[in-house]
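Here is a quick tour for anyone meeting this structure for the first time. Have a look at it, then read on.

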Amino acid sequence: MHSAKPQHTPSRTVSTVLVSAFLALGIAWTAPAVAASDAASGQYSINSPIKVEERTSPSAKVCVEGDTCGGGAAAAPAAAAAEPAAPATRDPQTVFNTGCAACHASGAAGAPKPGDKAAWAPRIAEGKDTLHQHALHGFKGMPARGLCGSGCTDEEIMGVVDWMVSQSE
Ligand code: HEC
């Protein structure tokens, strides 16, 4: 009886070595290929999400106030910073000089002059609310808001009325 010792052991060893070598080679060979295919689907690929976004995004964007796009975020604080200046109510004489003096200083067209008690007495009798309304919305020869237009706040106009009344009581 022959020895049970397998005859093919050396060749199996050789082939194992060879297979290992091929495997190693294969890994070494495919690694760059994998890296290359990564690049193909990576950010430089036309299939990368970045490029797709770039290609499919609209060429113009509509920015609505409050949006962070188009410098909206930068513009908003600037507008907010500019706001506090507006509510500052000017003193009645300043407003009178700009918006009311043209008629009320001279009494043009029958405008009652501040301090002219006779002209003011019947008007004061109407009550301040009525005088405020007449100054804001007009009354006969008295144009709504005088020469102020939108340049004076309601508070400022009513302040002038109160001031003229206080001069004429
Ligand atoms: C273009 C001229 C003109 C300007 C400017 C003007 N007024 Fe008059 N205003 C008049 C005339 C004219 C009257 C008198 C109306 C009447 O009773 O016939 C009058 C009357 C008034 C009266 C009395 C209303 C009443 O019920 O009798 C008040 C209050 C008044 N003006 C406030 C103002 C204030 C405040 C301003 C400035 C913001 C102003 N006016 C600017 C012409 C003017």
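What follows goes from the overall fold to one helix pair, then to the ligand and a single loop residue.

Keep in mind that this is a predicted model. The protein chain has eight helices and zero strands, so its pattern along the sequence reads α-α-α-α-α-α-α-α. Buried residues make up 11% of the 169 residues. Among the contacts with a separation of 6 or more, 53% are between residues 24 or more positions apart.

**A helix pair**

Let's zoom in on α4, which spans residues 92–99. Four of its residues, P92, V95, F96 and G99, are buried. They sit on the same side of α4, because they cover an arc of only 105° around the axis. And what do the buried residues of α4 pack against? Their partners are α5 and α8.

The meeting with α8 is worth a look. The axes of α4 and α8 come within 9 Å and cross at roughly 100°. With 65 to 115 degrees counting as roughly perpendicular, these two helices are therefore roughly perpendicular to each other. Here is who makes the contact:

| Helix | Residues in the contact |
|---|---|
| α4 | P92, Q93, V95 and F96 |
| α8 | E156, G159, V160 and W163 |

Sorted by class, this contact of α4 with α8 has five nonpolar, two polar and one charged residues. P92, V95 and F96 turn up in the contact, and they are also among the buried residues of α4.

**Around the ligand**

Now for the ligand, which has 27 residues around it. Which of them come nearest? That would be C100, C103, G141, M142 and G146. The elements giving two or more residues to this shell are α5 (101–104), α7 and α8. The largest share, four residues, comes from α7. As for character, the shell divides into 16 nonpolar, seven polar and four charged residues.

So α5 and α8 show up twice in this tour: the buried residues of α4 pack against them, and they also give residues to the shell around the ligand.

**One loop residue**

Last stop: T153, found in the loop between α7 (128–137) and α8 (154–168). Is T153 buried, exposed or partly exposed? It counts as partly exposed, because it has 16 C-beta neighbours inside 10 Å; being buried would take 20 or more, and being exposed 12 or fewer. T153 and L136 are 17 residues apart along the chain, and their C-alpha atoms are separated by 9.8 Å.

Definitions and conventions: Residues are numbered from 1 along each chain as its sequence is written. This is a predicted model: local features need pLDDT of at least 70, side-chain atom pairs count only at pLDDT 80 or more; totals for chains, interfaces and linings use all residues. A residue is near a molecule or strand if its C-beta atom, placed from the backbone, lies within 6 Å of it. Ala, Val, Leu, Ile, Met, Phe, Trp, Tyr, Cys and Pro count as nonpolar, Asp, Glu, Lys and Arg as charged, and the others, Gly among them, as polar. Two residues are in contact if their C-beta atoms, placed from the backbone, lie within 7 Å. The arc is that of the directions from the helix axis to the C-beta atoms. Axes are lines fitted to C-alpha atoms, for helices over the stretch in contact, and angles run from 0 to 180 degrees between N-to-C directions. Angles under 35 degrees count as roughly parallel, over 145 as roughly antiparallel, 65 to 115 as roughly perpendicular and the rest as oblique.
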